[in-house]
Amino acid sequence: MSGAVIVGGGIGGLATAIALSRRGWDVEVLERSPRLTALGAGLSLWSNALRALDALGVGAQVRARAREEVGAGIRDSRGRRLARSDMAAVRARYGLPIVIHRADLLDILRAALPESAVRTGISVTEVCTDGVVTHSGSRETADLVVGADGIRSVVRRAVCGHIEPVYAGYTAWRTVLTPREPLLDMGESWGRGERFGFTPLPDGRVYAFACANMPPDAEIDGPSELRRRFGHWHNPIPSLLDAIDPAALLRHDIYDLPRLDTYVRGRVALVGDAAHAMTPNLGQGACQALEDAVVLARHADEPDLTDYDRERRPRARMIADRSARIGQVAQLSSPPVVFARDLALRAIPALAQVRGLAPVLDWSC
Ligand SMILES: Cc1cc2nc3c(=O)[nH]c(=O)nc-3n(C[C@H](O)[C@H](O)[C@H](O)COP(=O)(O)OP(=O)(O)OC[C@H]3O[C@@H](n4cnc5c(N)ncnc54)[C@H](O)[C@@H]3O)c2cc1C
């Protein structure tokens, strides 16, 4: 039996371990954290990701713990519609996206692997292209090494040297909160250099997120900054802000990974954010990690991994570029430019938006 070492126990690493083990590989996931944890926030998964999860045998479990996203659209800060998504057409054409708590997704993926396949508290320090992995003072050799170790990947160095992620110009807050009153509405509202979104989770809690232009590593108090920026926006945003638990508020500056020349070298392959960390504007980072997992497993027995690279790199790049462009438009801040943007958004027919999703969502395993 061939053996694979997977560095990183996030969505990409666990999904790849499942995909490989379903093809008869002996897998070992090395995760540096003492426990497998998912930062407490929601995650949108589109139909392409759901097809990948079906291929991993966990699609039904994921759907059972998720909620369909039925009413997304874009509003302005006063709640006036800028763009309406035709979700009936999305459902008919691609299938609806779902939203799930990250911890639930990670639980499902973890449970699909044997207990012994995941080793936590192991930090990988170096990987060589012949399959040698160095961690916490010891070494092992694998037939395949998978770098699923996120945007600041150590494994990526073996594949393409040092690559520095680039700051996108905005920061993002995420949280899961319990609203004072049940919330059925969902969507995203755009202002000038800032936006706020919310969507209910299956258990009645709400996943809320916000983005704002600012320098990286800005030292600000999250809850008061959110109240200052969004406290006067349309309902239910002020009451959602009141329900935020400061201890459960996450903040991440948003980075994009520059284009890599390859995702593979020797017996080492990159998946997920290690290969193509992207801005979150399309909700596709984890979806692409799930696609990577399925495709890599399909090519893993081949003498070299170049077909994996050929199949995945152009697609992930196309999606990362689209996501970055959406972020640039969403984060526009100059008043006349924002006025023109909002007019343009109102003019886009809903059906054109649906058709525009095809290159991203028309993917099959
Ligand atoms: C604000 C925001 C919102 C988002 N929303 C969505 C969304 O709605 N839908 C979507 O599809 N995507 C979304 N994404 C993107 C998504 O979160 C990522 O693309 C996805 O989590 C990447 O998974 P990964 O497994 O590749 O990397 P990670 O989740 O970063 O996991 C990497 C793992 O490797 C471990 N690790 C790192 N270094 C080492 C080492 N040296 N040794 C051992 N272990 C190591 C880490 O501890 C970690 O557990 C969003 C991202 C952000 C920032």
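**View 1. Helices H1 and H10 are roughly parallel to each other.** The model shown here is predicted. The two axes cross at roughly 25°, and angles under 35 degrees count as roughly parallel. At their approach, the axes of H1 and H10 come within 8 Å. Their crossing is right-handed. H1 covers residues 11–22. H10 covers residues 285–299.

**View 2. Helices and strands both contribute to the shell around the ligand.** H1 and H10 each supply at least two residues of this shell. So do three strands: S2 (26–31), S3 (42–45) and S13 (166–177). H10 gives the largest share, three residues.

**View 3. The ligand has 31 residues around it.** Gly12, Glu31, Ser44, Arg102 and Asp273 come nearest. Sorted by class, the shell holds 13 nonpolar residues, 12 polar ones and six charged ones.

**View 4. Backbone atoms of Ile11, Ser44 and Gly285 lie close to polar atoms of the ligand.** At Ile11, a backbone N or O atom sits 3.3 Å from a ligand oxygen atom. At Ser44, a polar backbone atom is 2.8 Å from a nitrogen atom of the ligand. Ser44 is also one of the residues that come nearest to the ligand. At Gly285, a polar backbone atom lies 3.4 Å from a ligand nitrogen atom. Taken alone, the ligand exposes 1000 Å². The protein buries 85% of that area.

Key: Residues are numbered from 1 along each chain as its sequence is written. This is a predicted model: local features need pLDDT of at least 70, side-chain atom pairs count only at pLDDT 80 or more; totals for chains, interfaces and linings use all residues. Side-chain values use heavy atoms; hydrogens and water are left out. A residue is near a molecule or strand if one of its heavy atoms lies within 4 Å of it. A polar contact is a pair of N or O atoms within 3.5 Å; within protein, one must be able to donate a hydrogen and the other to accept it, and residues adjacent in sequence count only if both atoms are side-chain atoms. Accessible areas come from the Shrake-Rupley method with a 1.4 Å probe; for residues, only the protein chains shown count as cover. Helices (H or I, at least four residues) and strands (E, at least two) are DSSP runs, numbered from the N terminus. Ala, Val, Leu, Ile, Met, Phe, Trp, Tyr, Cys and Pro count as nonpolar, Asp, Glu, Lys and Arg as charged, and the others, Gly among them, as polar. Axes are lines fitted to C-alpha atoms, for helices over the stretch in contact, and angles run from 0 to 180 degrees between N-to-C directions. Angles under 35 degrees count as roughly parallel, over 145 as roughly antiparallel, 65 to 115 as roughly perpendicular and the rest as oblique. A crossing is left-handed if the near helix is turned anticlockwise from the far one by less than a right angle, and right-handed if clockwise.
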